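Student: I have a protein model open and would like to learn how to read it. Could you walk me through a feature or two?

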Amino acid sequence: MQALTIGEAAAATGWSARMLRYLESVGLVLPTRTSAGYRVYGGAELLQLRDLRLLRERFGLELDEVAFAARLRREPELRTALDTWMRSAGPGADWVEWEQRKHERLIAAA
């Protein structure tokens with residue numbers, strides 16, 4: 001497959017060029033760059049974009065939730081600190097446990 005510019009990738013995937021830039025900024029889909037600095041999207045990135053759309057639909061996720069789950073994978077210290085806080089939140093924090101299980105399912109699905 002030929003590499004696509006950001007505009008071509010946006011047209012091919014249904015994501016806007018602005019959203020593709022956002023996805024790159026939060027580390028979810030990282031296109032390669034030409035020597036001139038232009039983003040180019042190959043088959044792998046297009047597949048990631050399709051799978052991201054399906055993942056969001058299947059689990060009802062917002063992009064910021066996916067970005068946070070990705071950050072948890074990249075930053076083990078953050079994950080440990082958050083896990084510690086969640087364990088100490090006490091019995092009144094059922095919503096915290098629900099959110100943690102949601103993020104664990106998301107990470108397991110990735």
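Tutor: Let's look at empty space inside the model first, and then at a pair of helices. Keep in mind that this is a predicted model.

Student: How do people find empty space among so many atoms?

Tutor: Rolling a probe the size of a water molecule over the atoms shows where empty space is left. In this structure, one cavity of 30 Å³ or more turns up.

Student: How much space lies in the largest cavity?

Tutor: The largest cavity holds about 90 Å³.

Student: And which residues line the largest cavity?

Tutor: Try selecting L72, R79, L82, D83, M86, E99, Q100, H103, E104 and I107, which form its lining. Sorted by class, the lining has four nonpolar, two polar and four charged residues.

Student: Which helix gives the most to that lining?

Tutor: That is α6, with five residues. Both α5 (76-88) and α6 (94-109) supply at least two residues each.

Student: Now the helices. At what angle do α1 and α2 cross?

Tutor: Find α1 at residues 6-13 and α2 at residues 17-25; their axes come within 8 Å and cross at roughly 105°. Angles of 65 to 115 degrees count as roughly perpendicular, so α1 is roughly perpendicular to α2.

Student: Which residues make the contact?

Tutor: On α1, look for I6, A9 and A10; on α2, look for A17, L20 and R21. By class, the residues of this contact are five nonpolar, no polar and one charged.

Terms used
Residues are numbered from 1 along each chain as its sequence is written. This is a predicted model: local features need pLDDT of at least 70, side-chain atom pairs count only at pLDDT 80 or more; totals for chains, interfaces and linings use all residues. Side-chain values use heavy atoms; hydrogens and water are left out. On a 1 Å grid over the protein atoms alone, a cavity is a set of points where a 1.4 Å probe fits but cannot get out, and a pocket is an open set with protein on both sides within 12 Å along at least five of seven lines; lining residues have an atom within 4 Å of a point. Grid points are joined across faces, edges and corners, and a volume is the space filled by probe spheres set on the points. Helices (H or I, at least four residues) and strands (E, at least two) are DSSP runs, numbered from the N terminus. Ala, Val, Leu, Ile, Met, Phe, Trp, Tyr, Cys and Pro count as nonpolar, Asp, Glu, Lys and Arg as charged, and the others, Gly among them, as polar. Axes are lines fitted to C-alpha atoms, for helices over the stretch in contact, and angles run from 0 to 180 degrees between N-to-C directions. Angles under 35 degrees count as roughly parallel, over 145 as roughly antiparallel, 65 to 115 as roughly perpendicular and the rest as oblique. Contact means heavy atoms within 4.5 Å.
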